[in-house]
Amino acid sequence: MLQCLSAEPALLGHPSSRCQLPRRALLGVSASMLFMRSTLASSGDYEAMLINCIDPRFAASSHAWMRAKHMQNQFSQFVIAGGPIGAMHPYFAAWHRAFWDNLDITTEFHAIKRVIAFTHRDCSAARLAFGAAGVATPAAETANHAALLQAFRTEVARRKPGLDVVAGIMALDGSIEPV
Ligand SMILES: [Zn+2]
């Protein structure tokens, strides 16, 4: 049994790690990971990656939108504060690579066709990125979100030619204003 769930996979079983596993268990883990990889590689043909904010108020609405577009269980999801703002705005520069690396993986393994990029109104991460004045009015909020989402669309096109981007700003009622 795995006793230490917090250890890095690479450290499991290493002599310096306090998290020891029997060799047979390690072999089993490797075999199942290989199986997962080959399964994903051979059967991965999905619709999209959704990138959206960690804000709990928008989780159900985002999934409802995906379901309404017939993409339930057909999308990977990258959840990060601000969604596309976290992946793109210089304020969160340390996070950017994680997103683009994940986009590489989901395009390779899941053969996604598009990225669904949602920001949302009244977003704490947007306030950090754009400043209080940048989200003080609906017009300022819209302008800053729209500019960010356009930059996101341009960057996806540069890195992944042919991958569509569907972008929008989600309101508190779950409706989407396309950008
Ligand atoms: Zn947010």
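Over residues 1-22 the pLDDT, the predictor's confidence in each residue on a scale from 0 to 100, stays under 50, and for this stretch the model has 17 contacts beyond four places in sequence, a contact being two residues whose C-beta atoms, placed from the backbone, lie within 7 Å. The mean pLDDT of the chain is 85, and 76% of its residues reach 70 or more. This is a predicted model, in which local features need pLDDT of at least 70 and side-chain atom pairs count only at pLDDT 80 or more, whereas totals for chains, interfaces and linings use all residues. Residues are numbered from 1 along each chain as its sequence is written.

Helices (H or I, at least four residues) and strands (E, at least two) are DSSP runs, numbered from the N terminus. Five strands form an open sheet of mixed pairing in the order β2-β1-β3-β4-β5, where two strands pair if DSSP finds at least two bridges between them. The edge strands, each pairing on one side only, are β2 and β5 (176-178). From one strand to the next the twist averages 25 degrees.

Strand β1 (residues 48-52) is largely enclosed by the rest of the structure, because five of its five residues are buried, a residue being buried if 20 or more other C-beta atoms lie within 10 Å of its own, exposed if 12 or fewer, and partly exposed in between, with C-beta atoms placed from the backbone. In a regular strand the side chains alternate between the two faces of the sheet. In β1, Ala48, Leu50 and Asn52 point one way and Met49 and Ile51 the other way, and all are buried.

With strand β2 (residues 75-79), β1 pairs in the parallel sense over five bridges, while four bridges join β1 to strand β3 (residues 114-120), the two running parallel. The table gives bridge partners and opposite residues along β1.

| Residue of β1 | Opposite residue | Strand |
|---|---|---|
| Ala48 | Arg114 | β3 |
| Met49 | Ser76 | β2 |
| Ile51 | Ala117 | β3 |

Together with helix α2 (residues 59-68), β1 and β2 make a right-handed β-α-β unit; a crossover is right-handed if, with the strands pointing away from the viewer, the path from the first strand over the helix to the second runs clockwise. Helix α2 lies across β1, β2, β3, β4 (164-170) and β5, running at about 155 degrees to β1, where axes are lines fitted to C-alpha atoms, for helices over the stretch in contact, and angles run from 0 to 180 degrees between N-to-C directions.
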